[in-house]
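The following exchange examines how descriptions of a protein model are justified. Please look at the model before reading on.

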Amino acid sequence: MATWEQYWDLAGLLGRAVKRRLPGRLRSLREKNRTSQTSVAVLAEGCHLYLQDYLAMLGCSPDFLRGKKILELGTGEHVGTPLLMALCGARVFTIDAYDTVKFDREIMEMYRLLAPAAESSSVDPGLQEVIEHLYAGRHPAEFSADSPIQMQVVGAEDFQGEEFDLVVSRAVLEHVADLEAVVAMISRALAPGGLTVHKVDFSSHDLV
Ligand SMILES: C[S@@+](CC[C@H](N)C(=O)[O-])C[C@H]1O[C@@H](n2cnc3c(N)ncnc32)[C@H](O)[C@@H]1O
């Protein structure tokens, strides 16, 4: 049978082993956390850049978006850019042929970074509700029909909605199967005098 001294020695041995490994383990946890913080900031910065890009193509300031009804083709993994548009006073309908929306930790934190003032009294109650839903990980396809952000899983070719002031997309038109049908849908969906801007990504497909 082991004596108390032997147990004491064993405890000391384990303690020393843990102490030797702990700094490395803590360092890697800190690194992981830093990487996650960085990717959240990068995601949020991307949404601001996409919005600036749309505004630059339109030659407009963010004020232009107030009261506008916008259709975004190709939602992708999150509704970060629609959220920024909604914070400018727009109503955004976003569609994607596939349900690609994600709710991982980085994306959830990104929503908090993009819309930190959900509690602020200056935020429209409908938008405040949307922000709370996004904080809680609710899928935008479940938002009510009068929400300032709505999503539908439908191919742009088959979308039936209309009367949008603005139709936008980024890195989507190079993916659609039937570009002619999408262009026809855009011209039908636009209200008289409506505008449409698209960013086509050739570079990540080795086309430039
Ligand atoms: C490269 S991702 C870009 C996503 C997002 N716009 C962004 O900039 O991060 C292309 C997106 O277009 C969607 N997509 C492809 N074909 C589509 C179609 N016919 N109608 C609607 N969305 C489509 C894909 O499912 C994907 O989410």
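Q: What makes a stretch of residues a helix?
A: A helix is a DSSP run of H or I with at least four residues, and helices are numbered from the N terminus. The model shown here is a predicted one. Helix α2 comprises residues 80–87, and G89, which follows α2, has a positive phi near 105 degrees.

Q: How many helices and strands does the chain have, and what pattern do they follow?
A: There are five helices and five strands in the chain. Along the sequence they follow the pattern α-β-α-β-α-α-β-β-α-β.

Q: What makes residues of α2 count as buried?
A: A residue is buried if 20 or more other C-beta atoms lie within 10 Å of its own. Seven of the eight residues of α2 are buried, and α2 is therefore described as mostly covered. The seven are G80, T81, P82, L83, L84, M85 and A86.

Q: Why is A145 called buried or exposed?
A: A residue is exposed if 12 or fewer other C-beta atoms lie within 10 Å of its own. A145 has 5 such neighbours, so A145 counts as exposed. A145 is located in the loop between α4 (125–135) and β3. The C-alpha atoms of A145 and F93 are 9.9 Å apart, although 52 residues separate the two along the chain.

Q: How do we know whether both faces of β2 are covered or open?
A: On one side of β2 stand R91, F93 and I95, and on the other V92, T94 and D96; these are all buried, and both faces are covered. Strand β2 (residues 91–96) thus has six of its six residues buried. In the chain of 208 residues, buried residues make up 25%.

Q: What makes β2 a partner of β1 and of β3?
A: Two strands pair if DSSP finds at least two bridges between them. Five bridges join β1 to β2, and five join β2 to β3, so the requirement is satisfied in each case. Both pairs run parallel. I70 stands opposite V92 in β2, and I95 stands opposite Q152 in β3.

Q: Why are β3 and β5 said to stand at the edges?
A: The open sheet of five strands has the order β3-β2-β1-β4-β5, with parallel pairing. β3 (149–153) and β5 (190–199) each have a single partner strand, so one side of each is left without a neighbour in the sheet. On average, neighbouring strands of this sheet are turned by 20 degrees against each other, direction ignored.

Q: What makes β4 and β5 a pair?
A: Six bridges link β4 (residues 164–170) and β5 in the parallel sense, and at least two are required, so the two strands pair. R170 stands opposite K199 in β5. Helix α5 (residues 179–189) lies across β1 (69–73), β4 and β5, and runs at about 140 degrees to β5.

Q: Why is the unit of β1, α2 and β2 called right-handed?
A: With the strands pointing away from the viewer, a right-handed crossover is one whose path from the first strand over the helix to the second runs clockwise. The β-α-β unit made by β1, α2 and β2 is right-handed, so its path over α2 runs clockwise in that view.

Q: Which residues come nearest to the ligand?
A: G74, G76, A97, A156 and H175 come nearest of the 16 residues around the ligand. By class, this shell has eight nonpolar, five polar and three charged residues.

Notes
Residues are numbered from 1 along each chain as its sequence is written. This is a predicted model: local features need pLDDT of at least 70, side-chain atom pairs count only at pLDDT 80 or more; totals for chains, interfaces and linings use all residues. Helices (H or I, at least four residues) and strands (E, at least two) are DSSP runs, numbered from the N terminus. Axes are lines fitted to C-alpha atoms, for helices over the stretch in contact, and angles run from 0 to 180 degrees between N-to-C directions. Two residues are in contact if their C-beta atoms, placed from the backbone, lie within 7 Å. A residue is near a molecule or strand if its C-beta atom, placed from the backbone, lies within 6 Å of it. Ala, Val, Leu, Ile, Met, Phe, Trp, Tyr, Cys and Pro count as nonpolar, Asp, Glu, Lys and Arg as charged, and the others, Gly among them, as polar.
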